[in-house]
Amino acid sequence: MIEKEILSDTDCIYNYKSNEGDTILGYLEIRLVDGVIDIMNLYVNVENRKQGIATKLMEYMFENERYNKIMLEVNENNLQALKLYNKLGFKEISLRDRYYGDDNAIIMEKVKWKKIFIF
C-alpha cells in the first residue's frame, strides 16, 4: 500500500532531514487532485518537536505545490497541531463527530489567496 502511494502521481512525501542528511526528523504526506491538496499525514519525531520543522515542511509545500486549497482533518484534542494550522492560516469549516473514537475531528481548509484586480 505504501509503495502504491509513493509511486502515485497524486501523492507526495516531503522529508525533513538532519543536517547530516542521514536521519529523517519529520515528514509531510500530501495528495493533490484537481488543485486540492489533502494533508494525509504530518509527523515530527517527538525529540525534534518545537524546532519549527512542521512549519518549514508546510511552508515548503505552500511554495512548491500548485493548488487552489488545502484540506485536512485533525483531532480536536491535538492542541499543538491546531495551533500550528491556525498560525498558518487554516480555518475550521466542519466537524466530524466521534471520528477518533470518542474524539471529534475538526475539518480545516486553507484557500490560496488570489489577486483580484478592479478597474
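Student: How do you know that Y100 has a place in the pairing of strands, and which residue stands opposite Y100?

Tutor: In this predicted model, Y100 stands opposite D103 in β6. That is one position in a broader pairing, since β5 and β6 are joined by six bridges and run antiparallel. Two strands count as paired from at least two bridges, so the six bridges here make β5 and β6 a pair.

Student: What makes β5 and β6 a hairpin, and which residue in the turn has a positive phi?

Tutor: Two residues lie between β5 and β6, and G101 in the turn has a positive phi of about 70°. β2 and β3 also form a hairpin with two residues between them, where D34 in the turn has a positive phi of about 50°.

Student: How do you know that β2 and β3 are paired, and in which sense do they run?

Tutor: Eight bridges join β2 to β3, and the two run antiparallel. With a cut-off of at least two bridges, they therefore qualify as a pair. Within β3, N41 is the bridge partner of E29.

Student: Why is the pairing of the sheet called mixed?

Tutor: Let's set the pairs side by side. β1 and β2 pair in the antiparallel sense over seven bridges, and C12 stands opposite I30 in β2. β3 and β4, however, run parallel and are joined by three bridges; D38 has M71 in β4 as its bridge partner. Both pairs pass the cut-off of at least two bridges, so antiparallel and parallel pairs both count here, and the pairing is mixed.

Student: What is the order of the strands, and what makes a strand an edge strand?

Tutor: The open sheet has six strands in the order β1-β2-β3-β4-β6-β5. Its edge strands are β1 (11-17) and β5, as each pairs on one side only. On average, neighbouring strands are turned by 25° against each other, direction ignored.

Student: How do you know that α3 packs on the sheet, and which strands does α3 touch?

Tutor: α3 touches β3, β4 and β6 (103-111). Contact requires heavy atoms within 4.5 Å, so α3 meets that limit with these strands. The direction of α3 makes about 160° with that of β4.

Student: What makes up the lining of the largest pocket, and which strand gives the most?

Tutor: The largest pocket holds about 880 Å³ of space. Its lining has 31 residues, and L42, N78, A81, L84 and Y85 are the closest to the centre. β3 gives the most, with seven residues, while β3, α2 (53-64), β4, α3 and β5 each supply at least two. The lining divides into 16 nonpolar, eight polar and seven charged residues.

Student: Where is confidence lowest in the protein chain, and where is it highest?

Tutor: Helix α1 (residues 2-7) is lowest at a mean of 54, and β4 is highest at 97. The chain averages a pLDDT of 90, with 90% of the residues scoring at least 70. Where pLDDT is low, predicted coordinates should not be read in detail.

How values were computed:
Residues are numbered from 1 along each chain as its sequence is written. This is a predicted model: local features need pLDDT of at least 70, side-chain atom pairs count only at pLDDT 80 or more; totals for chains, interfaces and linings use all residues. Side-chain values use heavy atoms; hydrogens and water are left out. On a 1 Å grid over the protein atoms alone, a cavity is a set of points where a 1.4 Å probe fits but cannot get out, and a pocket is an open set with protein on both sides within 12 Å along at least five of seven lines; lining residues have an atom within 4 Å of a point. Grid points are joined across faces, edges and corners, and a volume is the space filled by probe spheres set on the points. Helices (H or I, at least four residues) and strands (E, at least two) are DSSP runs, numbered from the N terminus. Ala, Val, Leu, Ile, Met, Phe, Trp, Tyr, Cys and Pro count as nonpolar, Asp, Glu, Lys and Arg as charged, and the others, Gly among them, as polar. Axes are lines fitted to C-alpha atoms, for helices over the stretch in contact, and angles run from 0 to 180 degrees between N-to-C directions. pLDDT is the predictor's confidence in each residue, from 0 to 100.
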